[in-house]
Amino acid sequence: MATPALAQTDDLAAALALPVASQMTGARDVQRFAWVENRAGLRNLWVADAGQKARQITHYAEDDGMMLYDLALSPDGKRLAFVRGGDDEFPDGRIPNTASAAYPPGQQVFVAALDGGDPTPIGDGHLPVFSPDGQRVAFTRRGEIWLWQSGKPARIAALSGEVSDLKWTPDGKTLFFVEDRGDHGFVATFDVDTGKLTYMEPALGNSAEPALSSDGSEIAYIQYRDPPAGAAADSGPYWSIRVADLATGKARTVWTAPQGMGGRYYGTRQHNLYWSKAGRLLFPWERTGFLHVYAIDAAGSSGAPKELTPGQFEVETFVLGADDVLTFAANADEADRRHFWQVPASGGAAKRVTGGKGSESLPLFAGGLLAGIATDAGHPGHPVVAKGLAPLGEAAELKGAIEPEAVTYQAEDGVTVHAQLFRGKGKGPRPALIFVHGGPRRQMLLGFHPSQYYSNAYIMNQALAAHGYTVLSVNYRSGTGYGQAFREAPEIARGGASEYRDVLAGGRWLADQKDVAADRIGIWGGSWGGYLTALALARNSDLFKAGADFHGVHTMLRPVEGNIAPDQQDLVRQKQWDSSPMGSIDKWRSPVLLVHGDDDRNVDFAQSLLLARELAARRIPFEELVFPNERHEFFRTADWLAAYRRTFAFFDEKLK
């Protein structure tokens, strides 16, 4: 499947309709994979065996914003459990109604037999997980644990917190999980037969990332606490690895992070602790200033952890295979691309197992076969087998895609900034735009991003370039991919907004390009990118002549922690204010488009209400586009299309 070239804004609909794969999972015992495909807002499930054509399992036919997630294949690959409805980021919160249905939808767990037949609903909830024999499914609902067996669901436990990371022990008798209680959390086990609930040595902090020993008698987990406000970078220690007896919950500390670099816990976007068959615990650590995987003897007798992935790069995610070989995704040889690498859990030289001009993300196994999600400049996220990057499903193409160029430049304080340049088509000098991602813990790539949100943003940048705009996508400080010092740079966010220096330098870099009209530069972005868009317009309307602010943060004022003296709290709040768009709004002159869904659970809709009132009071021109009942990451493709078309019209009027 290919779209027309993005020469006209009407081609956006075809481009946003390209299928994007996500939520990929694999069966334990057979080489079978399943994933969600979003095609023009129609989300459906697909299954593929290695070397065979993919099969569509569901046939939902509306862009209704009903999410599909929490996919789980039975060990033999014959059945697939999944969730439809709700919000996978906030599964225990209020269920979204993004299509504004008269009767709001539910959040339902289904099981589908892959040899035919319609999926069977088994109960309200999320996070289904098959028992080792594949005959039962455990799932959770607002702090409750439910068990589906013999065709019937039953509630078997009610807890005080929210359940995550739910798994079975190999004997199928016990569930283990994380119970999140807001400001703290525990790792716990639940005996399905006796109803006994056991907490693994509760502590003042968070217990997370449970991993079971191969014999099922012990459970390892990461214990961490957040540093207090104003703590020195080398203070601590703040985290450790503990091993507990599964039956009693009695724990011992295997290792504690020392002071200094890596003294604060930071993990990847997948699971972060594995127990190898040889008795090693594998975990992420930033001791060198880059996120890498380390191994330590679970008995605690081998001394310091052994680094398995050394180098000046970051591990994005990692997984341990059944053969005790570690697979990790990293930007080891290209700063703005990711590939899969492998190294034995016992140590050795890492070998790259994927390559090319794209990126591979989210490694996983099915029946011992390695797969993941692949992207490049012209192909959005699609499932592939790692060997040869053979597609498991459709690898759709964005026809005529512009190859983004890797760019680096210097901010005024000497920080090196990475960016991707989409050079606009047509004769110059042409209008230009800065694109700023959200997060801010994120990194844009030299091609499609694996997430749906940034896959859409990449299409928008491609369309803008095809329409005559030069776009610079900036990976500003506080983002990932370039080490801890870059991510935790001094004075970021509420401490002084130092990441804006990278945005401002990017705008000035654009203005110096011969094919760019220096008096027609704009900026756009969402979430934290919306914050930086608003900050750019508030501080530098002389440079940024227009902006599109998607669900941005406009005041950074937040409650100050109680460990700071009252006089110091006032200084902290003043710094928050000075770091806000509101703190510089009296200098704001440029027009802005404000886009927000009013059921946003990430950035409160009140942030845009506040800004609109203040802009109106100062007669600063703004336009507004509001989506009732829509969430932060717009669930409906129709809403993405409406937002992008409106953005096009806005920039064409203000910059062309």
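For the linings described here, Ala, Val, Leu, Ile, Met, Phe, Trp, Tyr, Cys and Pro count as nonpolar, Asp, Glu, Lys and Arg as charged, and the others, Gly among them, as polar. By these classes, the lining of the largest cavity holds seven nonpolar and five polar residues, and no charged ones. The structure that contains this cavity is a predicted model, and a look at its overall build helps to place the details that follow.

The protein is made up of eight helices and 40 strands. Its radius of gyration is 25 Å, close to the 26 Å that the globule rule gives for 656 residues, so the protein is as compact as a globular protein of that length. Taken along the principal axes, a box of roughly 70 × 60 × 50 Å is filled by the C-alpha atoms. Of the 656 residues, 58% count as buried. Contacts also reach across the sequence: among those between residues at least 6 apart, 56% join residues at least 24 apart.

Where is empty space left inside such a fold? Rolling a probe the size of a water molecule over the atoms shows this. The count comes to three cavities of 30 Å³ or more, and about 70 Å³ of space lies in the largest cavity. Its lining is formed by Gln420, Phe422, Phe435, Met444, Leu445, Gly447, His449, Tyr454, Ala457, Tyr458, Asn461 and Ser473. Two elements, β34 (416-422) and α2, give two or more residues each to this lining. Of the elements involved, α2 gives the most, with four residues.

One of the cavity-lining residues, His449, is also touched by Gln443. Gln443 is found in the loop between β35 (430-436) and α2 (452-466). Is Gln443 buried or exposed? With a relative accessible area of 3%, Gln443 falls under the 20% cut-off and is therefore buried. The side chain of Gln443 reaches the backbone oxygen of Ala335 at 2.7 Å. Besides Ala335 and His449, the residues that Gln443 touches are Asn331, Asp336, Arg338, Asn475, Thr480, Gly481 and Tyr482, leaving aside residues up to four places away in sequence.

Open space is found as well. The second largest pocket has a volume of about 1,500 Å³. Of the 45 residues that line this pocket, Pro228, Ala229, Gly230, Arg264 and Glu488 are the closest to its centre. Helices α3 (484-487) and α6 (566-578) each supply at least two residues of the lining, and α6 gives the most, with four. By class, the lining of the second largest pocket divides into 22 nonpolar, nine polar and 14 charged residues, whereas the lining of the largest cavity has no charged residues.

Helix α6 also marks one end of the loop that holds Ser590, which runs between α6 and β39 (592-597). Ser590 has a relative accessibility of 5%, under the 20% cut-off, and so counts as buried. What lies 2.6 Å from a polar atom of the Ser590 side chain? The partner there is the backbone oxygen of Phe544. Phe544 is also among the residues that Ser590 touches, together with Leu537, Ser541, Lys545, Ala546, Ile620 and Pro621, again not counting residues up to four places away in sequence. Gln443 and Ser590 can thus be read side by side: Gln443 is a buried loop residue whose side chain reaches the backbone oxygen of Ala335, and Ser590 is a buried loop residue whose side chain has the backbone oxygen of Phe544 at 2.6 Å.

Terms used
Residues numbered from 1 in each chain as written. Predicted model: local features only at pLDDT ≥ 70, side-chain atom pairs only at ≥ 80, totals over all residues. Heavy atoms only, no water. 1 Å grid on protein atoms, 1.4 Å probe; cavity = no way out; pocket = protein on both sides within 12 Å on 5 of 7 lines; lining within 4 Å. Points joined across faces, edges and corners; volume = space filled by probe spheres on them. Buried < 20%, exposed > 50% of the residue type's maximum accessible area, 1.4 Å probe, protein only. Polar contact = N/O pair within 3.5 Å; in protein donor to acceptor, adjacent residues only side chain to side chain. Contact = heavy atoms within 4.5 Å. Rg over C-alpha atoms; globule rule 2.2 N^0.38 Å.
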